[in-house]
Amino acid sequence: MTLLEACGVVKRYGHVEALRGADFSVDAGEVVALIGDNGAGKSTLVKVLSGVTAPDAGELRFAGETVNLSGPTAARALGIETVYQDLALAPDLDPAANLFLGREQMRRGLLGRLGFLDNRAMAERTRAAFAELGAGVQSERMPVGFLSGGQRQSIAVGRAAAWASKLIFMDEPTAALGVVQAERVLDLIRRVRDTGIGVVFISHNMPHVLQVADRMEVLRLGRRVARFAAADTSMEQLVGAMTGAIEQVDQGAAP
């Protein structure tokens with residue numbers, strides 16, 4: 001069954017129509033790359049699917065049921081998390097504090113009622129979450145602002161995976177990373193997928209898309225113009241669909 005589906009989504013900003021009847025779908029346990037040129041509507045569609053922006057028309061379905069994502073909190077309640085391009089990390093806090101940012105765990109009893117945090121429990125949960133994904137962190141106590149770009153990206157992905165039960169959106173997770181760091185992030189994405197969580201991978205990096213995605217969905221001018229199965233797709237086909245050189249392509253629904 002399709003986990004999350006958008007049908008005919010429309011979003012206008014004044015006279016600008018960012019989405020013109022866009023469709024999209026993702027299953028549990030698969031990586032779907034959402035690609036398109038600048039201005040194709042990718043960011044707007046992700047905002048709609050993650051509850052940040054309300055559509056002007058169209059329908060969203062989650063596990064076959066029509067849903068109204070009134071905000072990011074409603075999306076999180078369904079098990080949907082988002083890793084934004086700026087990572088949304090607090091640079092002065094350590095990895096555990098970032099993992100539990102906004103979800104802090106209090107100590108039991110009177111100390112908890114007085115506002116004391118259970119730092120030990122949060123640190124143990126953080127170590128377990130990173131170990132499950134194979135995401136090594138240079139230091140558990142160092143503020144994340146002092147860590148490398150790859151380490152910070154690993155923390156952001158680990159945080160999303162720790163709280164998401166169904167789906168994670170990842171916006172340009174390998175942007176501005178070196179080759180080794182990017183490969184580690186791609187491996188993290190595969191590990192998340194293998195836990196049964198669906199992953200939507202938004203990227204301009206076509207080699208990374210071909211490496212990690214099970215399927216690709218292409219937006220152009222606010223509409224989905226193509227769907228590809230990764231095993232049967234070349235970079236030339238993806239670029240052709242993005243630029244309009246290749247007309248509508250549909251290699252079938254989500255497996």
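Both faces of strand β3 are covered: Val 31, Ala 33 and Ile 35 on one side are buried, and so are Val 32 and Leu 34 on the other. "Buried" here means under 20% relative accessible area, "exposed" means over 50%, and "partly exposed" lies in between, with a 1.4 Å probe and protein chains only. Because 5 of the 5 residues of β3 are buried, the strand is largely enclosed by the rest of the structure.

Before going on, a word about the model. It is a predicted one, in which local features need pLDDT of at least 70 and side-chain atom pairs count only at pLDDT 80 or more, while totals for chains, interfaces and linings use all residues. Residues are numbered from 1 along each chain as its sequence is written, and side-chain values use heavy atoms, with hydrogens and water left out. The pLDDT is the predictor's confidence in each residue, from 0 to 100. For this protein the mean pLDDT is 88, and 95% of the residues reach 70 or more. Among the elements, β4 has the highest mean pLDDT (97), and strand β11 (residues 249-250) has the lowest (76).

**The sheet around β3**

Helices (H or I, at least four residues) and strands (E, at least two) are DSSP runs, numbered from the N terminus. Two strands pair if DSSP finds at least two bridges between them. With that in hand, in what order do the 7 strands of the open sheet stand? The order is β6-β7-β8-β3-β9-β10-β11, and the pairing is mixed. The edge strands are β6 (80-83) and β11, each pairing on one side only.

Here are some of the pairs in this sheet:

| Strands | Sense | Bridges | Residues opposite each other |
|---|---|---|---|
| β3 and β8 | parallel | 4 bridges | Ala 33 and Phe 201 |
| β3 and β9 | parallel | 4 bridges | Ala 33 and Met 216 |
| β7 and β8 | parallel | 5 bridges | Met 170 and Phe 201 |
| β9 and β10 | antiparallel | 6 bridges | Glu 217 and Arg 227 |
| β10 and β11 | parallel | 2 bridges | Ala 226 and Val 249 |

You can follow Ala 33 across the sheet: this residue of β3 stands opposite Phe 201 in β8 and opposite Met 216 in β9. Further along, β9 and β10 form a hairpin with 2 residues between them, and Leu 221 in the turn has a positive phi of about 55 degrees.

After β10 comes a loop leading to α9 (235-243), and Thr 233 lies in this loop. With a relative accessible area of 13%, Thr 233 is buried. Contact means heavy atoms within 4.5 Å. Leaving aside neighbours within four places in sequence, Thr 233 is in contact with Leu 210, Phe 228, Leu 238 and Gln 251. Thr 233 and Met 216 are 17 residues apart in sequence, and their C-alpha atoms are 9.0 Å apart in space.

**Helix α7**

Let us turn to a helix. Helix α7 (residues 179-194) has 16 residues, which at 1.5 Å a residue should span 22 Å; the end C-alpha atoms are 23 Å apart, which agrees. The expected span is 1.5 Å times one less than the number of residues.

Which residues of α7 are buried? They are Ala 182, Val 185, Leu 186, Leu 188, Ile 189, Val 192 and Arg 193. These residues cover an arc of only 150 degrees around the axis, which puts them on the same side of α7. The arc is that of the directions from the helix axis to the C-beta atoms. An α-helix has 3.6 residues a turn, so residues three or four places apart point the same way. On the other side of α7, Val 179, Val 180, Arg 184 and Asp 194 are exposed. Just after the helix, Gly 196 takes a positive phi of about 100 degrees.

**Helix α1 and Thr 44**

Another helix, α1 (residues 42-49), holds Thr 44. Thr 44 counts as buried because its relative accessibility is 12%. Apart from neighbours within four places in sequence, Thr 44 is in contact with Lys 11, Tyr 13, Ala 18 and Leu 19.

**A second sheet**

Finally, an open sheet of 4 strands has the order β2-β1-β4-β5, with antiparallel pairing. Since β2 (16-27) and β5 (65-67) stand at the edges with a single partner strand each, one side of each is left without a neighbour in the sheet. Inside this sheet, β1 (residues 2-13) and β4 (residues 57-62) pair in the antiparallel sense over 5 bridges, and Leu 4 stands opposite Phe 62 in β4.
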